[in-house]
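Colleague: I've got the model open and a few labels to ask about. Can you take me through the reasoning behind them?
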Amino acid sequence: MKIVIIGGVAAGLKAAAKARRCDPHADITVVEKGNLISYGACGLPYYVEAQVDELNDLMKTPAGVLRTPEYFERVKDIRVLPRMLATAIDRENKKVSVVNLDNGEETELSYDKLVLATGAAPVRPELPGTHLANVLQFWHPQDAKTVRQGLEQGKVNEVVIIGAGLIGLEVAAALTIWGVKITVIEQKEHVFPAFLDAEIAGNVEKYLREQGIALFLNEKVTGFEGETAVTAVRTEKRAVPADLVILALGVRPNVELAKAAGIKLGITGAIAVDATLQTSDPDIYAGGDCIESTHMVSGRPAFVPMGSLANRHGRIIGENLFGRERQFKGVLQTVIVKVADLNVGKTGLTEREAKMLGYEYITVITAGHDKPHYMEDARLITVKLIAEVKTRRLLGVQAIGTGDIAKRIDVAAALLTLGSTVDDITDIELSYAPPYNSPIDNLAVAANSLLNKLEGKLKGLPPLAAQEMLRDHKTIFLDVRTTAEFKEEQLKGCSNVKHIPLGELRSRYEELNREAEIVTFCKISLRGYEAEGILEGLEFKNVKVLEGGLFSWPIAGEK
């Protein structure tokens, strides 16, 4: 069998390697328009941060062997042709036209099966000054090399990043070690707009500002200033000095080749595939950042460019080329990202998406240590759960904090894949030992809280709803922390805070107006929940708990 694969990074070479394991005699050729192949693009921010010493480290096997065309030829008997651009697909005669980008020589490759792994390309805005030197897209190893060289040579002092998504904020975090001034400009109202809800994003914003990063949100860039090199970024509100600009505005799938060949595209603009990753042509498969997937929760089409998915696609395609019919179930848009010391993750639907899709849903936000508080390395995290009211089916999870959120996001992703309910979370026997976890895991605590909320046992108030009540002088925000905690940090923006430590509440409850709306809270609102129970037992009728407490409050506190 003759197999031609267009694209030599993640999905393409993973498909080639799997195909070779399925058939030792297949004729496998990979064409790649770039000069680098099989590199770990997700590691580029860590090269800028100097956690990765050399760019070549992103292109090596775990044994330290550089993945070059010669490596694939010798070890896997796969022919890899870099600097070869595929220009057309002749589906009737099963041929691909390619051109050598170094000498212009044109040739044709015949195939029995064709794989499209053409990836995606970063969005570059059509604005004045985008041609200026040092206005970069952070997509290719050369971009990362240019940034790091400028930092090492002291040529970079003021960096402006356009876009507060994954790439933008990973790069921003990587730059903090270099002592440069960092500004992030985002057109949407909050950071990570594609996968976080506003109150969780607010905690990211609070953290970034504490790290000295300037954030300009809900602000549109209008152009770039400078004669030959960039000197400033213009927005509709201001000019921000810059000697380096990084464009991180998202990506679009590379579908021109497929479209010209008459291969069907999906409603997202990416290549349409079935569950076996076969295109509208039965002899052509596609995977990676160029295809459209199905969201496993909503059932809607989704374009999700992720390196992890691209590798999974490659394995499935490699087997299906030989008639195995393995299926790709779809995506959950599972994301995890490290922003300096802050971990941020999400899987499934956001609350915004659940609302847009018409679900009758309920949410809860909880906070707590990722392992017993007495462990020296225990750290706080916030978890947000979203579930369907009638069925209790889990719809999505978000988590943030300096503690371990990866375990919680991965467990949630497994549950979402299986269509589980919130009740199922509490039934799982998760591992427990103090170095790793608390007796009841953070995800289970959130599930229990959501069940309590469904049953009326917890009257939780989300942070954003609480923000709207801050100017309501009729609402009492009852802080039940210790006096020392209260002196250290207070709730910002609220003029009607009453402080009564939890241990004194039963003897001092008469200081509170029984007819007023009362919102109880503490650091993580565990004591706030106890205070709610005390007051309700004393026949207070309108008591709520601030979900997540001060730790999850999306506005910076006053010290």
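Colleague: What does a search of the whole structure find in the way of aromatic pairs?
Modeller: This is a predicted model, and the search turns up three aromatic pairs. In one of them, Tyr 71 and Phe 72 have 5.2 Å centre to centre and 80° between the planes.

Colleague: Why is the pair of Tyr 509 and Phe 540 called edge-to-face?
Modeller: Rings pair if their centres lie within 6.5 Å, and planes over 60 degrees apart count as edge-to-face. Tyr 509 and Phe 540 have 6.4 Å between centres and 85° between planes, so they earn the label. Both residues are buried.

Colleague: What makes that pair a link between distant parts of the chain?
Modeller: Tyr 509 is in the loop between helix 15 and strand 29, Phe 540 in the loop between helix 16 and strand 30, and they're 31 residues apart.

Colleague: How do you know that the charged end of Arg 148 sits over the ring of Tyr 47?
Modeller: The distance cut-off is 6 Å from the ring centre, and there's a limit of 35 degrees from the ring normal too. Arg 148 comes in at 4.5 Å from the centre of the Tyr 47 ring and is counted as sitting over it. Arg 238 likewise lies over the face of Phe 216, at 3.9 Å.

Colleague: Why is the second largest pocket said to lie between domain 3 and domain 4?
Modeller: Because both domains give residues to its lining. Strand 23 supplies the largest share, six residues. By class, the lining has 16 nonpolar, eleven polar and five charged residues.

Terms used
Residues are numbered from 1 along each chain as its sequence is written. This is a predicted model: local features need pLDDT of at least 70, side-chain atom pairs count only at pLDDT 80 or more; totals for chains, interfaces and linings use all residues. Side-chain values use heavy atoms; hydrogens and water are left out. Rings of Phe, Tyr and Trp (its six-membered ring) pair if their centres lie within 6.5 Å; planes under 30 degrees apart count as stacked, over 60 as edge-to-face and the rest as tilted. Helices (H or I, at least four residues) and strands (E, at least two) are DSSP runs, numbered from the N terminus. Buried means under 20% relative accessible area, exposed over 50%, partly exposed in between (1.4 Å probe, protein chains only). Ala, Val, Leu, Ile, Met, Phe, Trp, Tyr, Cys and Pro count as nonpolar, Asp, Glu, Lys and Arg as charged, and the others, Gly among them, as polar. Domain bounds come from an automatic or database domain assignment.
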